[in-house]
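Me: Could you take a close look at one part of this model for me, starting with a single pair of facing residues and working outwards from there? I'd enjoy a connected walk-through rather than a list.

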Amino acid sequence: MAEWKVAQPKNKAAGWLEERLPIISLVNNVVGSDTPTPRNLNYFWNFGSLAGLMLVIQIISGVVLAMHYAATTGVAFDSVERIMRDVNYGWLIRYMHANGASFFFIAVYIHIFRGLYFGSYKAPREVLWMLGVVIFLLMMATAFMGYVLPWGQMSFWGATVITKLFSAVPVVGDSIVQLLWGGFSVDNPTLNRFFSLHFLLPFVIAGVVILHLWAKKISDSGNPLGIDVKSSADQIPFHPFYTVKDAYGAAVFFLIFAAFIFFMPNALGHPDNYIPAQPLVTPDSIVPEWYFLPFYAILRSIDFPLGIPGLFELVDAKLLGVLAMFASILVWLALPWLDTSKVRSGNFRPMFKWFFALLVIDMFFLMWLGAQKAEGNIPLYGKFATAYYFAYFVVILPILSRKETPLPLPESISNPVLKPAE
Amino acid sequence: MSTLENTNPEDDGTTRRDFIHVAAGGMAAVGAAASLWPFIDQMNPAADTLALSSIEVDISQIDVGSAIVVKWRGKPVFIRHRTADEIAQANAVAVTDLIDQQADGERVKAGKEEWLVVTGVCTHLGCVPLGTKTGDDRGEFGGWFCPCHGSHYDTSGRIRKGPAPENLEVPEYVFVNDTTLQIG
C-alpha cells in the first residue's frame with residue numbers, strides 16, 4: 001500500500017486549514033507531488049484524467065442546460081430549440097453537452113481497453129477495476145436517459161425499445177415496464193423521471209469516481225510493463241510530471257472535441273431526433289447512439305431460445321438476448337478471476353496479444369453491425385461476433401493463462417532492457 | 001450489572017437485552033421496508049393516467065371499407081369497418097396455415113364481424129404498420145403492411161408473411177351501443 005504523506009504548506013492560511021481539514025494532503029497524495037507514480041506511463045494512461053475532465057464538463061454544461069429546459073412532453077422539444085436559437089450561447093452549451101457525451105465515451109472506452117491490454121484488472125487492482133465497471137454502467141444509464149430529454153423521434157422510440165427490453169423478464173415483465181413508464185407507454189411521467197435521474201446520476205458517478213481514485217491510491221497506478229515498483233528509482237511524482245503530460249493530452253483531446261462542436265456538431269447524432277416525438281409514427285429504423293451499438297448488436301444477434309429445439313425451451317429468445325446484453329458488460333466484473341496469468345502487460349504475452357487485437361476488431365465490427373438493418377447476412381455475422389466476444393472472456397483468457405508461455409519480464413521499471421529477470 | 005442478574009444460566013449467556021436488540025432491529029427493518037413501498041409505487045401509473053385508460057369512440061362516421069386510428073394509452077388503435085369481401089377473405093384461409101393460429105371469429109365480437117379493432121403496434125419491433133389511411137400500402141393480404149421490416153397482416157390483422165411473430169393484438173373493448181365503442 002502506498003504511504004501517506006502529510007503536507008506542510010508554507011502559507012499560514014493554508015497551514016491553518018490543513019490542520020483542521022487535511023485537504024491539501026489528500027490532493028497531494030492522490031494526484032499531486034506526494035504521489036509517487038511509475039516513470040514509464042505512456043499516452044494510454046492519459047485517458048483516465050480525460051474521462052474525469054469530461055465528467056466535469058458534462059456536469060457544468062448539463063446544469064446550465066437544466067436552467068432552460070422544460071421536462072414536459074408538450075414543450076420539451078421546443079425548449080431545446082429555444083436553447084439552440086434564443087438563449088445566449090445556448091447552441092454552444094448544448095453542442096458541448098451532446099458531443100461531450102460522445103467524447104466522454106471515447107475517453108472511457110480507450111481507458112477500459114487500456115486496462116484490458118495492460119492487465120489493469122489483476123491483483124491488487126481488482127476493486128479499482130470493478131468500481132470502473134460500475135462507473136461505466138452508471139454512464140450508460142445516464143447517457144440513455146439524457147438522449148430521451150430532447151423528445152425527438154429517436155428519443156421517444158429509443159426509450160420505447162429499451163424500456164420494452166424489461167418486458168422480457170418472465171411473469172412480472174409487463175408490470176416492470178409499466179412501473180418504468182408510469183403509464184401505458186413512454187409519456188410525460190417517463191420524461192419527468194428520466195430528467196430527475198439524468199440530473200442525479202452524474203453526481204453518483206462523481207462519488208464512485210472518488211472511490212475509484214481512492215482505490216488507485218491504495219494499489220498505485222499500473223504501468224505498461226506490468227511489473228511492480230521495486231524502488232524509488234522507478235517512480236516520479238505525479239505533479240508536475242503527469243499533471244503536465246495530462247494537460248498536454250487534454251489540449252490535444254479538446255482540440256478534436258472543439259472541431260466537432262464547431263464544425264460538425266451533428267455528425268455523431270441522428271437527424272431523426274430533430275423531428276418532434278410522434279407516438280403514432282415510427283421512424284424508418286431505430287438506431288441507438290454509436291457508443292451503445294456493440295451492445296445493441298449483441299442484443300439483436302440472439303434471436304434463438306436456450307433449450308433443445310422441438311423439445312423444451314429454458315429461456316426464450318427475447319429474454320436470452322437481453323441477458324446476453326447485460327452479461328456482455330457484467331462479465332468484466334469477473335475478469336480478475338477469469339484471466340489468472342501472473343503477467344499483467346500484454347507486451348509480454350505473445351499469444352494474448354493477437355486474441356486481444358481480434359477483440360478490438362470484433363468490437364468495431366459489432367459497432368458497425370449494430371447500425372445495420374437486421375437483414376441478409378447481418379444477423380449471422382452478429383452471431384459470430386457475439387460468440388467471439390464472449391469466448392474471449394470465458395474461454396480464451398482462462399485457457400491462455402494456463403497454456404501460454406510469457407516472455408521474460410524486465411528486472412525493473414528503471415532498468416527495463418539491460419538485464420531480464422532470471 | 002443488571003444484565004447479569006437477568007442471565008439465565010441454562011441459556012448460554014443469552015440475555016433479555018439481546019431479545020430487545022433483535023426485536024428493535026426487526027421492527028426497524030419492517031418499518032424501513034414498509035416506508036420503501038411508497039417510493040416504489042409512486043412510479044406506477046397515477047390516478048389521472050389510469051382515468052384516461054379507457055376511451056369511447058364514435059364509429060358512426062366510419063364508412064364500410066375504411067378505417068380510423070385512435071390513440072389509446074399512448075398507442076395507436078386501428079378500427080376498421082370491413083367489407084363483406086374482406087370478412088370472407090379472413091375466413092377463407094385454413095387456420096392451420098397461419099403463423100399465429102387464430103380464427104377470424106376469435107378476433108371480432110360475434111354479430112359485429114364487420115368491426116375489426118386491433119392495436120396498431122407491429123409485433124416485431126413495435127413500429128406502426130401502414131394500411132389504415134386510404135391509399136396506404138396494405139400489403140399482400142389486404143390488411144396492414146409494416147414498412148420497417150416488411151411484415152404483412154391480413155384483413156383480420158393476423159401475421160401472414162415477414163418477421164413478426166404474432167398477430168396484431170386485439171385490445172379489450174365493448175360496444176356501448178350501435179355507434180359507440182369503448183376501448184379499455
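Reply: Happy to. Let's begin with V57(B), which sits across from L181(B), a residue of β9(B). Please keep in mind that this is a predicted model.

The strands around that pair come next. β1(B) and β9 of chain B, the latter covering residues 180-183, run antiparallel to each other and are joined by 4 bridges. They belong to an open sheet of 3 strands in chain B, ordered β1-β9-β8, with antiparallel pairing. In that order β1 (55-58) and β8 (173-177) of chain B take the edges; each has a single partner strand, so one side of each has no neighbour in the sheet. On average, neighbouring strands here are turned by 30° against each other, direction ignored. As a general reminder, strands of a sheet pair through backbone hydrogen bonds, in a parallel or an antiparallel way.

From the sheet we can move on to where chain B meets chain A. Here 19 residues of chain B are in contact with 17 residues of chain A. Together the two chains bury about 1600 Å² between them, and carbon and sulfur atoms give 63% of that area. Which three residues supply more than any other three of the area that chain B buries against chain A? They are M43(B), P45(B) and R73(B), with 29% of it. Among the elements of chain B, α3 (47-51) and β3 (75-81) each bring at least two residues to the side that touches chain A. Sorted by class, that side of chain B holds 10 nonpolar, 6 polar and 3 charged residues. Between the two chains the count of salt bridges is 0, while 3 residue pairs are found in polar contact across the interface, both residues of each being at pLDDT 80 or more.

Finally, chain A has some backbone details to look at. Most residues other than glycine have a negative phi, and most peptide bonds are trans. Against that background, Y89(A) is not a glycine, yet its phi is positive, at about 60°. Y89(A) belongs to the loop between α4 (76-85) and α5 of chain A. The peptide bond from A123(A) to P124(A) is cis, with omega near 5°, and P124(A) lies in the loop that runs between α5 (90-118) and α6 (126-148) of chain A. Another cis peptide bond links H239(A) and P240(A), with omega about 10°; P240(A) is part of helix α10, residues 238-263 of chain A.

Terms used:
Residues are numbered from 1 along each chain as its sequence is written. Chains are lettered from A and ligands numbered from 1 in the order in which they are written. This is a predicted model: local features need pLDDT of at least 70, side-chain atom pairs count only at pLDDT 80 or more; totals for chains, interfaces and linings use all residues. Side-chain values use heavy atoms; hydrogens and water are left out. Two strands pair if DSSP finds at least two bridges between them. Axes are lines fitted to C-alpha atoms, for helices over the stretch in contact, and angles run from 0 to 180 degrees between N-to-C directions. Contact means heavy atoms within 4.5 Å. Buried area is the accessible area (1.4 Å probe) that two parts lose on being put together, summed over both. A salt bridge is a side-chain nitrogen of Lys or Arg within 4 Å of a carboxyl oxygen of Asp or Glu. A polar contact is a pair of N or O atoms within 3.5 Å; within protein, one must be able to donate a hydrogen and the other to accept it, and residues adjacent in sequence count only if both atoms are side-chain atoms. Ala, Val, Leu, Ile, Met, Phe, Trp, Tyr, Cys and Pro count as nonpolar, Asp, Glu, Lys and Arg as charged, and the others, Gly among them, as polar.
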